[in-house]
Amino acid sequence: MQVPLSEIKKMRGKPASAKTILFLCIACFLAGTLFTGQMWTSPSSHESTTLPVVRHDGGHKRKVIEDGPGDVMEEVTKTHQAIKSLDRAISTLGIELTASKTSQTGGQGQHLRQHASNHSIQKAFVVIGINTAFSSKKRRDSIRETWLPKGDKLKELEKEKGVVVRFMIGHSTTPGSILDKSLDEEEAEHNDFLRLDHVEGYHELSSKTRLFFSTVTSMWDADFYVKIDDDVHLNLGMLVSTLAKYRSRPRVYIGCMKSGPVLYQKGVKYHEAEYWKFGEEGNKYFRHATGQIYAISRDLADYISSNWPILHRYANEDVSLGAWLLGLEVEHVDERSMCCATPPGLLFFQADCEWKARSGNMCVASYDWKCSGICKSVERMKEIHNACGEGDGAVWNVEI
């Protein structure tokens, strides 16, 4: 019987799309692989004993004896681990692809391309940026006289241990001013600055932080990037050993996690102009690391560098960083040794760094919560260093 042409057209239907064909091909391949694997390892029903199976791989024989459910579970575990590794690789590739696209734009991307072309990217374990300002020369000197190595020692620390430390600062509103020239002289003497293409200003800290991560990732390929204020005491050896514990983990955000109130009243310090975004008056911020010191892993720094044009800046720099990472698959590490109190430790939620040092449990960083740093740090930094410091040779003995 001849089928009418109109009926044949109805039976044909719409042609399948390329995506559908590709999906069916992959599904068939996986199903075939599974079926072939089962046929390969399963003995015949009439066999009374389990026979060894010999596979050939590149001319070499590999003997695989299937002993039962234990081998299946082992293969499942290996497959699960492989999937996790693949997920990390895909995440990293996605970040790098975004970075490549962003680098084609102008503005900051153009500046970083020129910066990278003039400096080969160096390998490091951690890059530490000490946030500072034009008016903070005495603070910088107090750090150089205590926990920060100077001159050749600083270069040796970078070369031997992969620990890079720089004071990070931008420029004045009028480049080439007396402020910039004074900084040029200080840089020539100490060679411990990272100069950012940024106009200095307290209310621009979120932009400065964003630019810091974009700049350092174009100069150093490090496992971690750390931001610290210039009125905080730091034990470099303890920082390095603490970060080393998280080296194998992807997307890590480390610091003293807090959730402070959203200050909606105008005129107060840390006033949040966009308080309405956080709900009713009196609400708290989401959990984020305090701004005195925090660390992020390479993949998170790359994310910030790649997406800087669309990262929103809130009034407070530490809130901004927390917001940038909030919607990502990030491990938040609440590391309380990064917020020890300086003597005397009067606040119940801050352990006294001197007391901890005497018990052999050194702090990573110490400061006074009420001052958002060490109160009168210029006068007290040496005192804090003598009481809470780990010793000048500690960082050299840390195994990374």
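**Exercise 1. Work out whether Lys 376 is buried or exposed, and say where Lys 376 sits.**

Solution. Start with the area: Lys 376 has a relative accessible area of 65%. The cut-off for exposed is over 50%, so Lys 376 is exposed. Keep in mind that we're working with a predicted model here. Next, the location: Lys 376 belongs to the loop between β11 (365-366) and α13 (377-388). Last, the backbone: phi of Lys 376 is near 55 degrees, which is a positive value in a residue other than glycine.

**Exercise 2. Do the same for Arg 251: is Arg 251 buried or exposed?**

Solution. The relative accessibility of Arg 251 is 16%. Buried means under 20%, so Arg 251 counts as buried. In the chain, Arg 251 falls in the loop between α9 (236-244) and β8. Check phi too: Arg 251 isn't a glycine, yet its phi is positive, at about 50 degrees.

**Exercise 3. Lay out the open sheet of seven strands and find which strands stand at its edges.**

Solution. First write down the order, which is β5-β4-β3-β6-β9-β8-β10, with mixed pairing. Now look for strands with a single partner: these are β5 (193-199) and β10 (331-334), so each has one side left without a neighbour in the sheet. As for twist, neighbouring strands are turned by 25 degrees against each other on average, direction ignored.

Then zoom in on one edge. Strand β4 (residues 163-171) pairs with β5 in the parallel sense, over four bridges. His 171 has Val 199 of β5 opposite.

**Exercise 4. Find which strands helix α6 and helix α10 touch or lie across.**

Solution. Take α6 (residues 152-161): this helix lies across β3 (122-131), β4 and β6 (220-229), and runs at about 125 degrees to β4. Move on to α10 (residues 298-307), which packs on the sheet and touches β6, β8 (252-258) and β9 (288-297). The directions of α10 and β9 make an angle of about 105 degrees.

**Exercise 5. Classify how α8 packs against α11 and against α10.**

Solution, first pair. Helix α8 (residues 205-219) meets helix α11 (residues 317-326) at about 50 degrees, with the axes 8 Å apart. The two are therefore oblique to each other. The crossing is right-handed. On the α8 side the contact uses Leu 205, Ser 206, Thr 209, Arg 210 and Phe 213, and on the α11 side Glu 317, Ser 320, Leu 321 and Trp 324. Sort those by class and you get four nonpolar, three polar and two charged residues.

Solution, second pair. The axes of α8 and α10 come within 8 Å and cross at roughly 115 degrees. That makes α8 roughly perpendicular to α10. This crossing is left-handed. From α8 come Arg 210, Phe 213, Ser 214 and Thr 217, meeting Arg 298, Ala 301, Asp 302, Ile 304 and Ser 305 of α10. The class tally here is three nonpolar, three polar and three charged.

Compare the lists: Arg 210 and Phe 213 appear in the contact with α11 and also in the contact with α10.

**Exercise 6. List which residues of α5 are buried and what they pack against.**

Solution. In α5 (residues 137-144), the buried residues are Arg 140, Ser 142, Ile 143 and Arg 144. Their packing partners are β3, β4, α7 (178-190), β5 and α13. For the wider setting, 42% of the protein's 400 residues count as buried.

Key: Residues are numbered from 1 along each chain as its sequence is written. This is a predicted model: local features need pLDDT of at least 70, side-chain atom pairs count only at pLDDT 80 or more; totals for chains, interfaces and linings use all residues. Side-chain values use heavy atoms; hydrogens and water are left out. Two strands pair if DSSP finds at least two bridges between them. Axes are lines fitted to C-alpha atoms, for helices over the stretch in contact, and angles run from 0 to 180 degrees between N-to-C directions. Contact means heavy atoms within 4.5 Å. Angles under 35 degrees count as roughly parallel, over 145 as roughly antiparallel, 65 to 115 as roughly perpendicular and the rest as oblique. A crossing is left-handed if the near helix is turned anticlockwise from the far one by less than a right angle, and right-handed if clockwise. Ala, Val, Leu, Ile, Met, Phe, Trp, Tyr, Cys and Pro count as nonpolar, Asp, Glu, Lys and Arg as charged, and the others, Gly among them, as polar. Buried means under 20% relative accessible area, exposed over 50%, partly exposed in between (1.4 Å probe, protein chains only).
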